[in-house]
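Dear colleague,

I am passing on the structure we talked about, and I would be glad if you could open it beside this message and follow along.

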Amino acid sequence: MSDPRSGQGYESAVAYAVAKQLGFSKDEVTWKHVPFNTSFAPGTKDFDFDINQISFSPARAKVVDFSDSYYDVNQAVVVNKGTPIASATSVSALKPYELGAQLGTTSYQFIKDEIKPSKQPSVFPSNAGAVQALKNKQIDGLVVDLPTAFYVTAVQVPNSKVLGQFPTQPGGEHFGMVFQKGNSLVTCVNKALSTLRSDGTLKQLQQQWLAKATGAPTLK
């Protein structure tokens, strides 16, 4: 979202905190750009780990290794203020509307499996396309994970709002760092994450960078 090198933003802060636990200084961390879909594709990786809001799924885990969760994910829905959908307060109230999401994401799966709208959801090859469709009012609502939802409303779509978030499911969706299959670094990173969880660092970073997350009502 922001430039990860800046240490601004939750994932960047987590990456530096993990690096510190592993004994690396800030200037020993190098950032690379990797297209989302190639990050969890099979094969050789030119990175140690990818921290990019990649949700764990059993299918993805067959071809790459995931760390433990560094963030338990809620899906959320973003709408334009003043549109009919903007007054919905429950999951069932979303059913008549056209919702959109990025292809291959857990958000798209969530629309199909949990919201089950009467209209076929719109699917977009990139999140940018989905955001543009919301901006142009070609879709009524955009389903993304909560951190992305706040970014969309803050930066990308003027006069939009996070209509609400959906309850986190226990043992449900979470973000993990992605590694090449068989990378022995996973064990070390999981140990670092465990320390950061138990000493309260992860919680503190979430409050610092994702504090607004408590502001979105939960839709049931």
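What follows is a walk through one strand, its neighbours and the helix that comes after it.

Please keep in mind that this is a predicted model. A good place to begin is strand β3, which covers residues 99-102. Leu-99 and Ala-101 point one way from this strand, while Gly-100 and Gln-102 point the other way, and all of them are buried.

Strand β3 has partners that you can find in turn. Three bridges join β3 to strand β4 (residues 122-124), and the two run parallel; here Gln-102 stands opposite Phe-124. To get from β3 to β4 the chain passes through helix α4, which spans residues 106-115, and this β-α-β crossover is right-handed. Strand β5 (residues 141-145) is also parallel to β3 and is joined to it by two bridges, with Gly-100 standing opposite Leu-142.

Now to the helix: which residues of α4 are buried? They are Ser-107, Tyr-108, Phe-110, Ile-111 and Ile-115. Because these residues cover an arc of only 155° around the axis, they lie on the same side of α4. It may help to recall that an α-helix has 3.6 residues a turn, so residues three or four places apart point the same way. As for what this side meets, the buried residues of α4 pack against β2 (75-80), β3, β4 and β5.

Finally, have a look at Lys-116, just after α4, which takes a positive phi of about 50°.

With best wishes

Notes
Residues are numbered from 1 along each chain as its sequence is written. This is a predicted model: local features need pLDDT of at least 70, side-chain atom pairs count only at pLDDT 80 or more; totals for chains, interfaces and linings use all residues. Side-chain values use heavy atoms; hydrogens and water are left out. Buried means under 20% relative accessible area, exposed over 50%, partly exposed in between (1.4 Å probe, protein chains only). Helices (H or I, at least four residues) and strands (E, at least two) are DSSP runs, numbered from the N terminus. Two strands pair if DSSP finds at least two bridges between them. A crossover is right-handed if, with the strands pointing away from the viewer, the path from the first strand over the helix to the second runs clockwise. The arc is that of the directions from the helix axis to the C-beta atoms. Contact means heavy atoms within 4.5 Å.
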